[in-house]
Every structure is written in structure tokens, then in C-alpha cells.
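Reader: I am new to looking at protein models, and I would like to learn how to read one feature at a time. Could you take me through this one slowly?

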Amino acid sequence: MQHRLPGELIQVIEPLVAPEGVVRASGNNLIVRATPQRMREIRGVLDKLDTPPKQLLISVRQGADLSDSERSASISGRVGNDSARIAIPPNQRDDANVILRDGNGNIVRGGVSDSTSSNQNTSTQQVRVLEGRSALIQVGQQRPVVERRVFPSVGRPVVIEQQGVQNITTGFRVLPRVHGQQFTLDISPQQANLRSRPGRFGDQGIVDVQRLNTSVSGPLGQWVDIGGAVQQQSLQSSGIGSTASSQSSTNTSVLIKVEELP
């Protein structure tokens with residue numbers, strides 16, 4: 001074979017050999033045993049298939065739109081007279097923007113807070129690959145983490161801490177094939193984002209991971225949407241004189257483009 005791997009063509013040649021024929025791969029050679037007539041047919045097929053594979057440029061665009069909103073309202077103060085009095089203590093987030101007082105020592109504080117944040121993270125990666133060959137590309141970072149394990153014992157529990165490393169990578173694995181002006185692709189993209197969400201309901205050091213494993217086809221030279229996900233979360237809490245709510249949403253998408261290089 002001059003251009004193709006023998007293993008790629010065995011399945012094509014096997015139906016052409018007679019029942020007593022044999023075809024197998026050995027290194028860069030395709031070994032065939034068949035009748036002279038079938039051998040001529042096989043040679044004609046190999047002349048058409050043993051051609052240089054096409055050079056392809058694979059582009060993968062992964063995006064994530066993150067939005068968070070938080071709203072809280074609270075009231076505190078004291079009201080009453082000489083016979084009875086009611087007091088509502090302020091909470092930790094009691095940012096008063098309205099204060100009412102009267103001459104009898106009554107005071108009422110009220111406040112409302114509203115915050116919204118959004119973050120858009122888009123990454124585009126490219127890799128050159130031969131048609132019919134697989135390729136892998138990954139970029140990212142390593143994050144130190146501490147794993148804590150608690151073991152019961154007599155008296156106080158035993159806590160063991162172990163240092164580790166967490167890989168936060170974005171990339172894809174791909175296997176392309178071309179048929180005329182159409183491509184067929186086996187692809188496994190992954191995107192990981194490290195974000196921090198300080199706030200009443202948020203946690204710090206959250207790693208969002210998006211994975212996809214699919215086969216897709218489309219026209220050469222055009223972006224093709226191959227998948228995505230939408231995730232929404234809502235939390236609420238209330239107490240004496242206060243209420244709070246938070247909402248978060250994540251919208252992810254994956255697009256791919258295959259171009260044939262000269």
C-alpha cells in the first residue's frame with residue numbers, strides 16, 4: 001500500500017475474494033490470495049482506494065453562558081409602648097435603605113437588595129488531521145485540591161488530609177471521514193470551567209464540566225451545531241422579617257466545522 005493503511009481496506013476486499021481466498025494485513029502490505037480473475041478485480045479496486053488521504057482542519061467551538069441573580073428583602077426594628085414592645089433583630093445581610101423613627105423611640109429599618117451577574121465563556125480549538133485518522137487536542141490547567149477523610153474513633157474523630165491535583169481541561173477527540181462535499185465525524189468534546197460564586201447561596205471553586213459523545217455529518221466548510229444543554233436552578237429561604245431567593249442558569253453549546261486543506 002502506498003497511501004492507505006492495510007487495515008482500512010481489509011473489510012472492502014474481503015467480500016471480493018472467493019470462499020477459499022484469504023486477505024490479511026502484514027505491516028504496510030495487504031496480502032491477498034485469490035483466483036487470477038478475482039485478483040484483477042481486487043487490483044482495480046485498490047488502485048481507486050489507495051489514494052492520498054485528504055488533509056482536514058477540524059474546528060470546535062464550545063460556549064457557556066452563565067447567569068446568576070439574587071434578591072433579598074428584610075425588615076428589622078422595634079415598635080411598642082410602655083406595656084408591650086416587639087423587636088425584630090437585624091440579620092447579617094440587613095442593608096437598610098429605609099429607616100423610620102417616631103418620637104416614642106420606635107424604629108423600623110427596611111431594605112431590598114437585587115444583584116445580577118453574567119459570564120460568557122467561549123473557546124475555539126483547531127487541529128489538522130488526515131482523513132480516516134483520529135486526533136486529540138486538550139488544553140487546561142491543574143488545580144491543587146485537598147481531600148479530607150473522617151474516621152470514627154474513641155473520643156474525637158480522626159481527620160486525614162491528602163493533597164491531590166484536579167485536571168480542568170477543554171478539548172476534543174475526533175475521527176473524520178469525507179464523502180464528496182459531506183463529512184462524517186465521530187467526536188467527543190469536553191469543556192471545563194472553574195468559577196467562583198460568592199454569596200448567600202453560592203459556593204466557591206465550582207467546576208462546570210460539559211461532555212458530549214456523538215457522530216454527526218454535514219457539509220464541508222460550514223459550522224454545524226452538534227449539541228448543548230440548558231440547566232436552571234432556583235433557591236429560596238425565609239425567616240422572621242427576611243426573605244431571599246437566587247436563580248442561576250447555564251446554557252452551553254458545541255459547534256463544529258470541517259474544512260478540506262489543499
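Author: Let us begin with the word contact, which here means that heavy atoms of two residues lie within 4.5 Å of each other. With that in hand, please keep in mind that what you see is a predicted model. In this model, Asp225 touches Val254 and Leu255, when residues up to four places away in sequence are not counted.

Reader: Where does Asp225 sit, and is Asp225 buried or exposed?

Author: Asp225 belongs to strand β12, which covers residues 224–239. Buried stands for a relative accessible area under 20% and exposed for one over 50%, so Asp225, at 54% relative accessibility, counts as exposed. You can also compare sequence and space here, since Asp225 and Ser253 are 28 residues apart in sequence while their C-alpha atoms are 7.6 Å apart.

Reader: How would I describe the protein chain as a whole, before going on to other residues?

Author: You might start with its elements, which are two helices and 13 strands. Of its 262 residues, 30% count as buried, and the chain exposes about 17000 Å², of which carbon and sulfur atoms supply 48%. As for contacts between residues at least 6 apart in sequence, 63% of them join residues at least 24 apart.

Reader: Which strands form a hairpin, and how many residues lie between them?

Author: The hairpin is made by β1 and β2, with two residues between them, and in the turn Gly27 has a positive phi of about 65°. Strand β1 takes in residues 22–26 and runs antiparallel to β2, to which five bridges join it. Among the bridge partners, Arg24 is matched with Ile31 in β2, and Val23 is matched with Val32. Beside this hairpin you can look at Gly21, which lies in the loop between α1 and β1 and, at 17% relative accessibility, counts as buried. The C-alpha atoms of Gly21 and Ala34 are 4.7 Å apart, although 13 residues separate the two in sequence.

Reader: Which side chains of β2 point to one face and are buried?

Author: They are Leu30 and Val32, whereas Asn29, Ile31 and Arg33 point to the other face and are not buried, and in this way the side chains alternate along residues 29–33.

Reader: What is the general idea behind a salt bridge, and how many does a search of the whole structure find?

Author: Side chains of opposite charge can pair when their charged atoms come close. The search finds two salt bridges in the whole structure. In one of them the side chains of Arg4 and Glu131 meet, at 3.8 Å from N to O. This pair links distant parts of the chain, 127 residues apart, with Arg4 in the segment before α1 and Glu131 in the loop between β6 and β7. Both Arg4 and Glu131 are buried.

Reader: And which side chains meet in a salt bridge at 3.5 Å, N to O?

Author: Those are the side chains of Asp186 and Arg177. Asp186 counts as partly exposed because its relative accessibility is 26%, and Arg177, with a relative accessible area of 30%, is partly exposed as well.

Reader: Why does Gln125 count as buried, and what is Gln125 in contact with?

Author: Gln125 is buried because its relative accessible area is 7%, which falls under the 20% limit. Gln125 lies in strand β6, and if we leave aside its neighbours within four places in sequence, its contacts include Ile58, Val60, Ile137, Val139, Thr170 and Phe172. Gly171 is also one of these contacts, and the backbone nitrogen of Gly171 lies 3.5 Å from a polar atom of the Gln125 side chain.

Reader: Finally, which residues form a nonpolar patch on the surface?

Author: Phe151, Val158 and Ile160 form it, and together they have about 240 Å² of accessible area. Taking one member as an example, Ile160 is found in strand β8, residues 158–179, and Ile160 counts as partly exposed because its relative accessible area is 43%.

Methods
Residues are numbered from 1 along each chain as its sequence is written. This is a predicted model: local features need pLDDT of at least 70, side-chain atom pairs count only at pLDDT 80 or more; totals for chains, interfaces and linings use all residues. Side-chain values use heavy atoms; hydrogens and water are left out. Patches are made of residues with over 30% relative accessible area and no salt bridge: like charges are joined within 9 Å, nonpolar side chains (Val, Leu, Ile, Met, Phe, Trp, Tyr) within 5 Å. Accessible areas come from the Shrake-Rupley method with a 1.4 Å probe; for residues, only the protein chains shown count as cover. A salt bridge is a side-chain nitrogen of Lys or Arg within 4 Å of a carboxyl oxygen of Asp or Glu. Helices (H or I, at least four residues) and strands (E, at least two) are DSSP runs, numbered from the N terminus. Buried means under 20% relative accessible area, exposed over 50%, partly exposed in between (1.4 Å probe, protein chains only). Two strands pair if DSSP finds at least two bridges between them. A polar contact is a pair of N or O atoms within 3.5 Å; within protein, one must be able to donate a hydrogen and the other to accept it, and residues adjacent in sequence count only if both atoms are side-chain atoms.
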